[in-house]
Amino acid sequence: MGSLSSHCPGCGALFQQEFPQQAGYLPPMQRREEVTEEEIKRIQESKDPLTPREVKILLQKDKVIVCKRCHSFKSGLERSVSLKSNRIQFKEVKQRNGGLIVLVLDLVDLPGSMIHDLSDYVGIKDMIVVLNKADLMPSQIDMSKVISYVGSQAFTQHALDIFPMSAKDGSGLSTLASHLAKRFHQNEDCYLVGAASSGKSTILNQLKHLIGDKRLATTSRQGGTTVGMIRISSKQLLPAIRRLEDEEASGDEVKEIADDTNPLAPERYLYDTAGIIQTHQLLHLFGEKELSYFSPSTKMIVTKFYRRQAEVFYLGGFCKVMLKHANAPIQFRIYSSNKLKIHKGRLAKVPYLDTQIGINNQTLYPPINSKRKTAFPKLKLAGKISYSSNQPAVFYVSGAGWFTVDRFCHFEVHTPDGLGFFPVYGHNFLKSA
Ligand SMILES: Nc1nc2c(ncn2[C@@H]2O[C@H](COP(=O)(O)OP(=O)(O)O)[C@@H](O)[C@H]2O)c(=O)[nH]1
Ligand SMILES: [Mg+2]
């Protein structure tokens, strides 16, 4: 992959000085001399008085410089998202033999973050699947049922392991770490791969914390944050993974771990990659502030209510569910962020309610205001569902969560441009009573 020293540690883009609006731009003031570790060591150990240049190098040594766009993401200013096709970045990965794909799926947007044509991007490789954002899952969810659903998909049929993780609280990190260590020992590289916003860079940052690297990758609810490949070396990761394993070995059951870190072993890398753009994911339609109105950031909650025939409800201002036929009141259970506003009405009121989408009184958010609304894709039919209670079903609304119904009914779902609605039949993912 060549040297990455001239790449932004936040997003992996090549540093550049021509295009202020593009990834990698470094204003002239921020530019600094590339200095090797050996040179820094020489300056630190030098007994001679320091030159002005050497003083500058020492002062800048620990300051992490990121590009203008990453700086804006960090300060919440960045809005624009590039949906440029990124298949090209995987060309080299695909051509290489061996290596481990760490496919990161987002539990909140599970069907939306699945990459059914993964092998077109990365070729046929060993793979493990990380079900990330486990910390957000409501307590009613039985994770073993989610794992078996993911394992039943064609693109995961050869997965060596499927396990939950939270890049936020670190749970599952040791399972991931031991898979990585095993691969590094086999002299192979590992690649974090997944849809935009599934949490790849946040996972990378957990590992960076382990090795004490402050040059964190930029993360954001919006897609398209990571642009190029960002990597961590096996030479740094393996000792850190060993420490983690040592810490996890319980006090009363003493576990002997042989020191198999071979200083002469070739250096291998874990790469963070740019998200694979799935255009059906709703997150690409929203800005950071809009996402904050429905993208869960704390444990999801369940909201239960009944709707009768000819009634309707809206999830925020972007998903409309119309109950066309029901013999009795239907219980809807919505699994979502506690911030998602739910509006109920009657079918006859739909033309009026539709005009309320995107208004500024915090009822039918997002899109966030009437001006945005004019540029926003219109709500279109995304699914006509005829539900019969003889098999369970979960209805996902990409990035917002999912809902269930409890008995026979017909309903219609409308989303922006008809995108991001995924019925999953044969599952309810709930713990058995
Ligand atoms: N609650 C929670 N949020 C997460 C987790 N992992 C990532 N996120 C958030 O999800 C968003 C996307 O993460 P990022 O790492 O940028 O995704 P990437 O596009 O796959 O690199 C950010 O707002 C993260 O803070 C997790 O395990 N739990
Ligand atoms: Mg990223």
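## The shell around the ligand

The residues that make up the shell around ligand 1 are a mixed group: nine are polar, five are charged and four are nonpolar. This is a predicted model, so please read every value below as computed. In total, 18 residues surround ligand 1, and the closest of them are D135, A167, S197, K200 and T202. If you want to know which element to look at here, start with helix α9, spanning residues 200–211: this helix gives the most to the shell, with three residues.

Now for the individual polar contacts. The side chain of K200 places a polar atom 2.6 Å from an oxygen atom of ligand 1. The backbone takes part too: a polar backbone atom of A167 is 2.7 Å from an oxygen atom of the ligand, and a polar backbone atom of S198 is 3.2 Å from an oxygen atom of ligand 1. How much of ligand 1 does the protein bury? Taken alone, ligand 1 exposes 580 Å², and the protein buries 87% of that.

## The six-stranded sheet

Let's move on to the first of two sheets described here. Six strands form an open sheet with mixed pairing, and walking across the sheet you meet them in the order β3-β2-β1-β4-β6-β5. Which strands stand at the edges? They are β3 (161–164) and β5 (230–233); each has a single partner strand, so one side of each is left without a neighbour in the sheet. On average, and with direction ignored, neighbouring strands of this sheet are turned by 20° against each other.

At the β3 edge, strand β2 (residues 126–132) pairs with β3 in the parallel sense over four bridges. If you would like a residue pair to find on screen, V130 has F163 in β3 as its bridge partner.

## Helices on that sheet

Two helices are worth a look here. Helix α7, residues 143–151, lies across β1 (100–106), β2 and β3, and runs at about 145° to β3. Helix α8, residues 173–185, also packs on the sheet, where it touches β1, β2, β3, β4 (190–194) and β6 (269–272). The direction of α8 makes about 145° with that of β3.

## The five-stranded sheet

A further open sheet has five strands, in the order β11-β8-β9-β15-β12, and its pairing is antiparallel. The edge positions belong to β11 (342–346) and β12 (379–387), each with a single partner strand, so one side of each is left without a neighbour in the sheet. Neighbouring strands in this sheet are turned by 20° against each other on average, again with direction ignored.

Inside the order, strand β9 (residues 319–325) and β15 run antiparallel and are joined by five bridges. Here the pair to find is V321 and its bridge partner in β15, V413.

## Backbone spots to check

Finally, a few places in the loops deserve a click. Most residues other than glycine have a negative phi, and most peptide bonds are trans. Where does K133 sit? K133 is in the loop between β2 and α7, and its phi is positive, near 75°. D417 also has a positive phi, near 55°, and lies in the loop between β15 (409–416) and β16 (421–425).

The peptide bond from P366 to P367 is cis, with omega near 5°. You will find P367 in the loop between α12 (350–355) and α13 (370–375).

Definitions and conventions. Residues numbered from 1 in each chain as written. Chains lettered and ligands numbered in written order. Predicted model: local features only at pLDDT ≥ 70, side-chain atom pairs only at ≥ 80, totals over all residues. Heavy atoms only, no water. Near = heavy atom within 4 Å. Polar contact = N/O pair within 3.5 Å; in protein donor to acceptor, adjacent residues only side chain to side chain. Areas by Shrake-Rupley, 256 points an atom, 1.4 Å probe, with all protein chains shown as cover. Nonpolar A, V, L, I, M, F, W, Y, C, P; charged D, E, K, R; others polar. Pairing = 2+ DSSP bridges. Axes fitted to C-alpha atoms, helices over the stretch in contact; angles between N-to-C directions. Contact = heavy atoms within 4.5 Å.
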